[in-house]
Structures are given as structure tokens and as C-alpha cells.
Amino acid sequence: MDLNLIKQLIKIVEKSEITEFSVHEGDLKLKISKANNQQTMVTYAGMPDMRSAMQFPNPTEVPASSSNLPPKESESSNYYEIKSPIVGTFYRAPAPDADPYIQVGDIVSPGSVLCIVEAMKLMNEIECDVSGKVVKILLENASPVEYNQPIFLIEKS
Amino acid sequence: MFKKILIANRGEIALRIVRTCKELGIPTVAVYSEIDRDALHVVFADEAVCIGPALSKESYLKVSSILSAAQITGADAIHPGYGFLAENAEFSDICAESGLTFIGPSGDAIRKMGDKAAAKETMKKVGVPVVPGSDGAVKDVEEAKVVAKEIGYPVMLKASAGGGGKGMRIVFEESEIEKAFQNASTEAGAAFSNPELYVEKYIENPRHIEIQILGDVDGKAYHYGERDCSIQRRHQKLIEESPSPFITDEVRQKMGQAAILGAESVGYRGAGTIEFLVDKYMNFYFIEMNTRIQVEHPVTEMVRNLDLIKQQILIASGKSIADYPKEPRGHAIEFRINAEDPANNFRPSPGKIEYLHFPGGFGIRIDSHIYNDYIIPPTYDSLIAKLIVWGTDRKHAIARAKRAFEEFQIEGVKTTIPFHQKVLEHNLFINGNFDTSFIEKHLK
């Protein structure tokens, strides 16, 4: 089973409603499964030396980040998405040793600073534009973020 | 060699660059605006970063977003393609300052060649023939008269700060020059905030013939022959071919040597094109140098058997050219297929491609980013595909092109395919007897 075929299978599973998929070919057994938080797990037996070659960057995500993909439409439709207006690196706090600007559960209002997106050594404060409660933080600290990528989910009040 | 190349472009050229990078084993980063989310260059690149909304100013032209994308993906080189930031001297400089390699010339080289009057002076100094004219801007209409008398009518009055046809007037005899001067000057002032004009000999019905050069890492330049790009509509190239059916081998040699002189005089590195106007007597005159890879580069690739994008990457990474000039082989013609309606004044025709079938077979090359069900966005230029045919000689290339267009199907949008088919049937084109006035005169 070649790498390209495996990549295609993963893409298909990711985009579909399939939660688990497995296939055997000769000595190789490939299983692809989706957990509730949309992480796609790939396990296989039979070709251990391919392990390090198994890098599958999702083309619409930046791979240096963790696999925190944006939630599916149905989850976020009740919530307001705060999206990044610029390309850069997401930070939860103004400095490495400082407290994060906000936590899940915090009440925010228009103008509340939620995080920093750093671009080209410039720290850009990202402000909230609605009133409500922070329901979810979609990215890990120090992960890359692209234009209009959702960062926070706010339950509007 | 570079760890990772970010392609700061879109459409067919972005895909073109991704392909060569893959062949070289270099990982790629595509950047895209929101409307280009489903573009082929995004799909085929190893990574992709959304950098802004559809508006070019906010995405493909936004330096900070592109640099940020390079930063977060760890790209160490940027290929700018053509258009967008490809000839933006500041962008080249900023890349250098940020520790990124701009795959193209330095900001200084771009600036030198971007100043049309200065570029002309530079070429003149090393003995490259230039269009005869005034030394920079003329003080007033009296000075213009003196220059015009010296070089001989007809002359062109052109805006120093200008381009795109504004602030330009053709003057056929001295009695017309005062009025023309006043009009051109006023127009230039309005369009470019600078009413200054310079005078140039007007070359009637010229051919546009350009020379592809590569500037090697050691400063030596090589030329890879010419491309005849005379089939133009409103100064936009539509068909390009090599070799030129017009010039002789002797002129070809001279133009090649002139191009090398010009490139070496500015210490040019990488791929570049020197553009000449050729009059009916086969005199050639330098008009400008393009410091980037050009749309029509495949024509040279087919006849000279090399990958120009690969050479760009090698030179930028400090390595020598992989392919030095060899004897050319056969004849290549490129047809630019635009999503435009030739029956309605070439009005843009964006929309969804309902059915697509590319031609194939021996000697057919398609450089295109379109696919079935692709939606051509209205926000960028209308080039959707380039058909490049190669034949053993010009006659064969034309026969092949006709055959290829019969197989070529694009439905859902209007394209310039029927227009190209008309050109291929026209006697003047078939006989190689055309100049830049061809479309205007014969194919309205």
C-alpha cells in the first residue's frame, strides 16, 4: 500500500461521516478512526519503518500546530466565532510568564482583549467584538494561525 | 538547497512552481486568499496558509501576511512567480532583511531595470541599441522639436513617470507637435502627477521579440534564444512562439549578444527577459528588461529543453545553472487561453467550468490550474490555461495546434479558444507575416 493511497484514504475519512475504517493488504493492516473531537488517528501494523514518514499536514491547516482542528459546523453554529484577522502565532498571554488574558467561562464584552497574534515580531492584541461568555479556546498556546481562522467560541448574551 | 519554498502567487504559475519544487524534493507552502481555498496550487502544495480575503491588496499583495506565513511555516525562500510582488523591489529587500531568500533579483537590480529611462541609459552605455530619443525628459516643446528633427519623424511623446498608454501621443510631422505636446503633458500630469515627457522614435508596426536570459551565480549571463510575442491585443500578449518566423540567424545572434551585454552590465542573477522592438528593416531596439519569470516561459523550455523555474531555484540557492544553452530543437507556440468572450469585445467571463477536456498527445503541453467544476473567481486576471505546442518545424506546430484545439473543450464559461482557431487559419499568421498591429488590423 503506498503512501499516496494512505494519504487519500485519510482525507476521505476526515471529510466523511465514517468514524472507523480498516483495510488489510498482504502483511499490512491499516486502521483509521475518528474520535469525538475530530482527531484522526491512524494505526497500522506491518510497516514500522514508515512511521516517521507518516506526516500528514491537513492542507488547510498549518502543521506546526497540534491537531486541534476547527469544530464541525453543527457544534459552532450556536456560538460566535472570534477569528484571527491576520496570519501569525497565537499566544494566550501578553508574555511567557504572564497570566492568560482569558479563560473558558470568562465574561467578555466588546473591546476585551482576548489574546495576542504575533506577526513579524509585532504583538497584535485581538479584541472581542461581542458580549458573552468564552465557551471554547480552539487553539493551543503558540500555535500558528491563518487569516480568518477561528480562535475562540463565544456564547453571546 | 532551500528547506522549504513559499509560493507567493496563485493560479497556473503557482502550480507550475509547485511542480518543479516537487521534482526537486523541496517542500512547498501555498498561500491563498479565501476565494482560492479550492485552488489546485493549494491542494498540491505540502502546506497551505490562508492569508486574506479575495482582494489582492489584502492577500497576494500584502507583504506582512506573506512574511508571516513564511515565518509560521518555516519557509526559507519565497518564489514570487510573475505579477503581484514579483517585481516589487521593496519586497525583495524585505525578504533579504528577514533572512528569507527572494527567488529573483535584488531590490537594487529590480529598481535599476524598473526605471525605464535609467534602464535605457544603462543599456546605451554598454552598446545595446536603444530606441533613439531624448536624453530623459525634455524641458519644453521647443526641445522636443529639436530632438524630433534629429531622430526623424514619426516620433512618440511619452510620459516619464508613465505607462499603460497614458500621456502618450504619436506625432507624424512637425506641424502636429505643439498640440500633441500640450495634450500629452496635461494627461501625464493628471494620471501620474508628473507632466514631464520624453521623446522617442516611433517604430511603425514593430515586432515584439524578446530574449530569455539566465544570469549565473558568477555574474556571467547566457541567452536561450528569442520569443516572438507580436500577436497582441491592446498590448497584451496572446500568442508567443520560438523561433521568430521573421528574424534571420544573423540578427538572432546579435540580439542574443546584446541581451547578454545588457544582463551582465547590471550583474543580473537569475531568470530575466530583455525585450526588443524590431522594425521592418530588422533593426532591433531595447525597450525594457523584465526581472522575473514570464508567462510565456514554456515556449523557451520546449525549444531549448530546460526547466527555467528549476534554474531560478538553483541560482537563488547559490548553485550554478544546471542547463547551459544548447542548440534549439523544433518550434514551439504558446496560446494564452483567457476566460473572455471574443465575440463581445473580450469581456471577462468568470464562472463555473461545467465540462473540461484538455487536449493531449505528442507535443502538447498544458499549463493550467483549472479542473472540472472549478469556479473561476472574478477577482483576478482571466488567464485560465496555456496551450503550448511543439512541432519539428513551424508548419508542424501549427498543424498540431489546430488539432489540439479541436480536442480542447471548456464549457460553462466563454474562452478565447475560437479566437486562436481563427488566427491559425489566417494567411498572414501562417506565413509568419505579422507584427504587433496584426490583431487590430485583421482580426477585429
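Helices (H or I, at least four residues) and strands (E, at least two) are DSSP runs, numbered from the N terminus. By that rule, chain A has 2 helices and 11 strands.

Before we go on, a word on what you're looking at: this is a predicted model, where local features need pLDDT of at least 70, side-chain atom pairs count only at pLDDT 80 or more, and totals for chains, interfaces and linings use all residues. Residues are numbered from 1 along each chain as its sequence is written, while chains are lettered from A and ligands numbered from 1 in the order in which they are written.

Let's start with chain A. Walk along its sequence and you meet the pattern α-β-β-β-α-β-β-β-β-β-β-β-β. Of its 157 residues, 23% count as buried (20 or more other C-beta atoms within 10 Å of the residue's own, with 12 or fewer called exposed, anything in between partly exposed, and C-beta atoms placed from the backbone). Now for contacts: two residues are in contact if their C-beta atoms, placed from the backbone, lie within 7 Å. Among chain A contacts between residues at least 6 apart in sequence, 56% join residues at least 24 apart.

Next, find the open sheet in chain A, where 4 strands run in the order β8-β7-β5-β10 with antiparallel pairing. Strands of a sheet pair through backbone hydrogen bonds, either parallel or antiparallel. Here, two strands pair if DSSP finds at least two bridges between them. At the edges sit β8 (122–127) and β10 (143–145) of chain A, each pairing on one side only. On average, neighbouring strands of this sheet are turned by 40° against each other, direction ignored. Zoom in on β5 (residues 88–91) and β7 (residues 113–119) of chain A: this antiparallel pair has 3 bridges. A:Y91 has A:I116 in β7(A) as its bridge partner.

What packs on this sheet? Helix α3 (residues 63–73) of chain B does, touching β5, β7 and β10 of chain A, and its direction makes about 70° with that of β5(A). (Axes are lines fitted to C-alpha atoms, for helices over the stretch in contact, and angles run from 0 to 180 degrees between N-to-C directions.) α3(B) is mostly covered, with 9 of its 11 residues buried; among them are B:I66, B:L67 and B:I72. Right after α3(B) comes B:G74, with a positive phi near 75°.

Taking the two chains together, 16 residues of chain A are in contact with 18 residues of chain B. Chain A's side of this contact divides into 11 nonpolar, 4 polar and 1 charged residues (Ala, Val, Leu, Ile, Met, Phe, Trp, Tyr, Cys and Pro are nonpolar; Asp, Glu, Lys and Arg are charged; the others, Gly among them, are polar).

Now hop over to another part of chain B. Helices α12 (residues 394–407) and α13 (residues 417–425) of chain B have axes that come within 10 Å and cross at roughly 150°. α12(B) and α13(B) are therefore roughly antiparallel (that's over 145 degrees; under 35 is roughly parallel, 65 to 115 roughly perpendicular, and the rest oblique). The contact includes B:I398 and B:F405 of α12(B), and B:I417 and B:L424 of α13(B). By class, it has 5 nonpolar, 2 polar and 1 charged residues.

Last stop: B:Y222, in strand β10 (residues 221–233) of chain B. B:Y222 is partly exposed, because 18 other C-beta atoms lie within 10 Å.
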